[in-house]
Amino acid sequence: NFWLGFEDVDYGLTAWTRGIRCYYEPASLLIHHESASRGYSQSQRELASMRYFWRKWQPQFLARTVGNAGSATSTTSATSTPPVTSTTPDALTGSIAVQLSLPQLDYIVSERSPAGWAEFVTEQAARLAELGHSVAVHQTNSAAPDEALIESLSGRDSLKVAADWGAGVTTWLASLETGKPVYLLPTVESGAFPADPATQARIVAQYRPEFEYVAPNRWTADQLRAETAWESGHRVVPALSPQPLPTTAVEPVVATVGLSPELRTALGAITRRLGVELRHFDAADGSVPLSIVEQLRNIHPRAIVSLVEFDSALSPLALMSLGAAFIGRLNDKTRYEVLDGYNALLVAPGAVDDLERALAAVMTDDCIATELAGNGFETAERFAQLNPRAMSLALVDIAQTSV
């Protein structure tokens, strides 16, 4: 039933379910030069194998639920209004287990936030309030200490959460005597200034050991350790709640986000050969403004192409929630959320031939386009549901762990 790919994993899983144990043998070593001979674009046979594999194994590995069997604690719905104290969200079931005290939260956001990040932080704060936290979001307009905000927050026994490097000093100073400082990293932000070592040094200097760090992905956690030696104790994938999909028909349009002039020209030639319309949208490297997401929602394209090296999953998940097939770039920062062949097709930067093959597959095969779009939306929805629960668990842990 497998045309090409996935059969080895299926074989091992099938053996395991029949009581045969599979072991890892470290003395046996092979180096697989992945896709070295044919490029990264998936073939029709591989995509068919992928679809068969997940039809077979999705209930076990993507849709598995775990209950609270045997728990002595009582629960209420996550959508109800629990008391502020003696509650904590259950990350797997979405219920509220009466065990712990929820800390008060003060988010600090500055104008230094990347595109879309401030909106995400505001939504996360609102959803944490729905889970029972007392939450406030504060704006500061300078990377320098905001003395008025520091004075108003310094007496609060709360978790003060810096949401970007412009809020770092203010958050730290507001936590010197009461509460604890937390850093919700959008990424390791020094990377946005590759030609400005002075600003890079200024940013990294704000990553103090007093902060408890929440990283958006493994790459950021590893990079934080490399640049500062500080550890990120928690990883929470950022995701905005998807809007309902448009009721209008999908248009035979290819939309691009953040492509260079050279790639726009190359893609124009590809879409002319395919006989489809092409529309371009600008975006800064690393993130996509939500205004562009809304414009794309109104167009409702069949495919969205963006070869931006996104800093986290926030922007690609927002694009994947629009009901279009997403074609992106291979990226270590998003590799655990944007999955080649499942919810996206990924190509290497500059691989125009691979890009053409991926786009042709989406524009000519309804099955591929529909499954990529559906899996993309479901992925965005799943991470949006997980985000506030995971963040609440992280914050409860931070609040109850001594400095």
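**Exercise 1. The nonpolar cores**

How many residues does the largest nonpolar core have, and which residues have the most contacts inside it?

*Solution.* Keep in mind that you are working with a predicted model. Start with the count: the largest nonpolar core has 28 residues. Next, pick out its best-connected members, which are Val288, Leu296, Ile304, Leu317, Leu319 and Phe326. Then ask which elements supply two or more residues to this core: strand S10 (251–257), helix H9 (290–299), helix H10 (314–320) and helix H12 (366–400). There is also a second, separate core of 25 residues, with Leu47, Val254, Ala361 and Ala369 among them.

**Exercise 2. Around Ile304**

List the residues in contact with Ile304, leaving aside neighbours within four places in sequence.

*Solution.* Going upward in number, begin with Ala255, Val257 and Leu296, which are in contact with Ile304. Continue with Leu319 and Leu322. Finish with the run Ala324, Ala325, Phe326 and Ile327.

**Exercise 3. Burial of Ser315**

Decide whether Ser315 counts as buried or exposed, then find what it touches.

*Solution.* First locate Ser315: it lies in helix H10. Buried means under 20% relative accessible area. Ser315 has 5% relative accessibility, so it counts as buried. Not counting residues up to four places away in sequence, Ser315 touches Ser287, Val288 and Phe310. Val288 is also one of the residues with the most contacts inside the largest core.

**Exercise 4. Two strands and a helix**

Describe how strands S8 and S9 are joined, and give the handedness of the unit they make with helix H7.

*Solution.* Take the pairing first: S8 (residues 212–215) and S9 (residues 232–235) run parallel and are joined by 3 bridges. For one partner pair, look at Tyr213, whose bridge partner in S9 is Ser232. Now add helix H7 (residues 218–228): S8, H7 and S9 make a right-handed β-α-β unit.

**Exercise 5. Helix H8**

Check the span of helix H8 against expectation, then work out which of its residues are buried and what covers them.

*Solution.* H8 (residues 261–274) has 14 residues, and at 1.5 Å a residue they should span 20 Å. The expected span uses one less than the number of residues. The end C-alpha atoms of H8 are 20 Å apart, so the two values agree. The buried residues of H8 are Leu263, Leu267, Gly268, Ile270 and Thr271. Their cover includes S10, strand S11 (277–281), strand S12 (301–305) and helix H11 (352–364). Finally, look just past the helix: H8 is followed by Gly275, with a positive phi near 75 degrees.

Technical notes. Residues are numbered from 1 along each chain as its sequence is written. This is a predicted model: local features need pLDDT of at least 70, side-chain atom pairs count only at pLDDT 80 or more; totals for chains, interfaces and linings use all residues. Side-chain values use heavy atoms; hydrogens and water are left out. A nonpolar core is a set of buried Ala, Val, Leu, Ile, Met, Phe, Trp, Tyr and Cys residues joined through side-chain atoms within 4.5 Å. Buried means under 20% relative accessible area, exposed over 50%, partly exposed in between (1.4 Å probe, protein chains only). Helices (H or I, at least four residues) and strands (E, at least two) are DSSP runs, numbered from the N terminus. Contact means heavy atoms within 4.5 Å. Two strands pair if DSSP finds at least two bridges between them. A crossover is right-handed if, with the strands pointing away from the viewer, the path from the first strand over the helix to the second runs clockwise.
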